[in-house]
Amino acid sequence: MSKLKAQSLKQKKAGYAMIIVLIIMLILLAVTYLFSDSLFAELAIARNNKGAQVSFSLAEAGVQEAIFRIRTDATTRQKFMETTNGVSTFSHNPALINNGSYSVTIQNTALRAATITSVGNYRIGALRTARREIKVGIAQASSTPYPYDGAIFGGGGAGESIADIDFWYAPVQIFGGSLLSNRDINFRWGSWANIEKAVEAGRDVTVNWSISNCECSINDDGDPETPQCSDSPGCTPLENQPNKTMPPVDFDSTNPGSIKSRAIVEGHYYAKQKDFKDIFPKWSDRTFTGVYYIDESFDLDYGRTMRMNGILAASGSINITLGQLFVNPPTSGPYVGTAGVFTQKDFRVGTLGNFGGRALVYASNRNQIDSSIPYTMDFTGGFLGRRMWISGFRVVNIHFDADIINSTLNLFGLAPTTPVIEINHWEEEY
Amino acid sequence: MTIGALIIMATYGVYNISYKTYKKNFASAELTQNARIALERMSRDIRQTTEILTALPEDPGAGTPSSEIKFQDGHNFWPTSGQIQYITYSLSGTDLHRKLSHFTFTTPCETAPASTWVLWSTRDGNNNLPAECTDSDVVKAEKISSLQLWGVKVITINLNVSDETSTYQFETKSLGRNIQ
């Protein structure tokens, strides 16, 4: 009997120990869970942080490689420099680090401007991947092919014997700019010229029965750098000044950047002016956008009103005989910020012609504005040519605008481009 | 029996201490997370901005650091398809708010289409500045007990996160990459 009691007690004690051990194990399990939960949460946060940082750095590396390729890789650079919507792509996997990769797209948004989209990926373990995307807007740094402030520039040089800037009974006002000639500047027969900045000639300045004021704003145009001053202050024109360079323009080379090539790409090339006039009836008012090239002289006549948002170019002369031409930069598309009239011979605004807008006028030979009773001219930009002739009684107001001149010449000029790539905007995609 | 009770009490003591440590760690982690989110969101937005409107001292020695910052949203407005919006980070109590707003001359301001949104400094024909309207106001982080900002272009963000028992200080610098 006592043996049985002792055995039962022993069994009870054994059960008691087991319960205690179970409780302890349960508590230890809970403690382990608490610590491991905390540990794994911290570990996950740390891994995510690392993944975010690494993928961001990879995306940045992709942007840098894209810029490097644009500067050094011929194919990538050609697309960037000579197309308006070219696309280049590349990727690396792995890139720089194990489990890291990046893929990059260079999408041109305009000529010599693009958006670089770079996606950096970093694999965290087997199941998760950190991803960061960066978008960068870049552009080829622009040079300043026309570094002067001449609203009218006469480059002089070979060609016709006379290569001067001539005013005949002409009332002319130049705001914010100068009058520059590599040869003579002549004010004759009652000309009345007010020039806000300087008058500089490579040889002589002749004022004959005329008034020439310079270095003064005779009518305040609101420019704080050139405050209004007294009437007729006069100035000493600068003579025998060093020659200045007429910026070259690529009219018709086979280079994709020439005016003709661009017009061909746009479907705006016309071998004859008749072909162009077929789409531009007499006495009509038409708006044209882009780059237009007429491969002979072009006469704007029969009351045509042409609103050119972009570039009008001709291999011959451009004459506004009986019509109106207004040239301005387009508000969208690849040629935003550029506008011009380019002729390999003369640009002439005739007596019954009207001209205005904001643009560069570039004549390989002569710019000429004839006298007119009905029309005045209010133009922003500049006239560049071998010589210039203005005769009254048309009032001519020219507001010098270096930006429109240089941005247009940057696209169509032959000045060497700088290798510098500008970063215009940088942003992250979420 | 007594030994068993002692063992259970000791084990419970270990559990209790572990649980308290866990709670404390959890609270610290939560504070850290709030700080991390605040710093990351602010850094990212400042990195992309084109203009900071709030006048900030160059360093704390040059003036009192600002407790809020307002700047133009640099995200999704470039090249041409986006809209002009402004971001304001400020504290309300211990909540960090991120307010998105726009400026317009159109009335009512709240329903003005995005195409009419303008830069804050634009003036109308009567030389008036545009009205500002809030597009959204969201709490991005909690338990932020103080916020200080200073710097020009490189913005220093200094913040404290606190709960009943602990306070931690965090600081980072963010370069406004689009600021001219």
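What share of the contacts in chain A with a separation of 6 or more comes from residues 24 or more positions apart? The share is 50%, where two residues are in contact if their C-beta atoms, placed from the backbone, lie within 7 Å.

Before the tour begins, note that this is a predicted model, in which local features need pLDDT of at least 70, side-chain atom pairs count only at pLDDT 80 or more, and totals for chains, interfaces and linings use all residues. Residues are numbered from 1 along each chain as its sequence is written, while chains are lettered from A and ligands numbered from 1 in the order in which they are written.

**Chain A**

Select chain A. Its secondary structure consists of five helices and 23 strands; helices (H or I, at least four residues) and strands (E, at least two) are DSSP runs, numbered from the N terminus. Of its 430 residues, 41% are buried, that is, 20 or more other C-beta atoms lie within 10 Å of their own, with C-beta atoms placed from the backbone.

**The five-stranded sheet**

Next, select strands 1, 2, 3, 4 and 23 of chain A. They form an open sheet in the order 1-2-3-4-23, with antiparallel pairing; two strands pair if DSSP finds at least two bridges between them. Strand 1 (87-92) and strand 23 are the edge strands, each pairing on one side only. From one strand to the next, the twist averages 15°.

Within this sheet, strand 1 of chain A joins strand 2 (residues 100-110) of chain A through six bridges in the antiparallel sense. To locate one bridge, select A:Ser88, whose partner in strand 2 is A:Ile106.

Then add helix 2 (residues 74-82) of chain A, which packs on the sheet and touches strand 1, strand 2, strand 3 (113-124) and strand 4 (128-140). The direction of helix 2 makes about 35° with that of strand 2; axes are lines fitted to C-alpha atoms, for helices over the stretch in contact, and angles run from 0 to 180 degrees between N-to-C directions.

**Where the chains touch**

Now show both chains. The contact takes 18 residues from chain A and 21 residues from chain B. On the side of chain A, helix 1 (2-72) and strand 23 (421-429) each give two or more residues. Helix 1 supplies the largest share, 12 residues.

**Chain B**

Finally, select chain B, which has one helix and eight strands. Along the sequence, they follow the pattern α-β-β-β-β-β-β-β-β. Buried residues make up 20% of its 180 residues. Of the contacts in chain B with a separation of 6 or more, 55% are between residues 24 or more positions apart.

Key: Buried ≥ 20, exposed ≤ 12 C-beta atoms within 10 Å, placed from the backbone.
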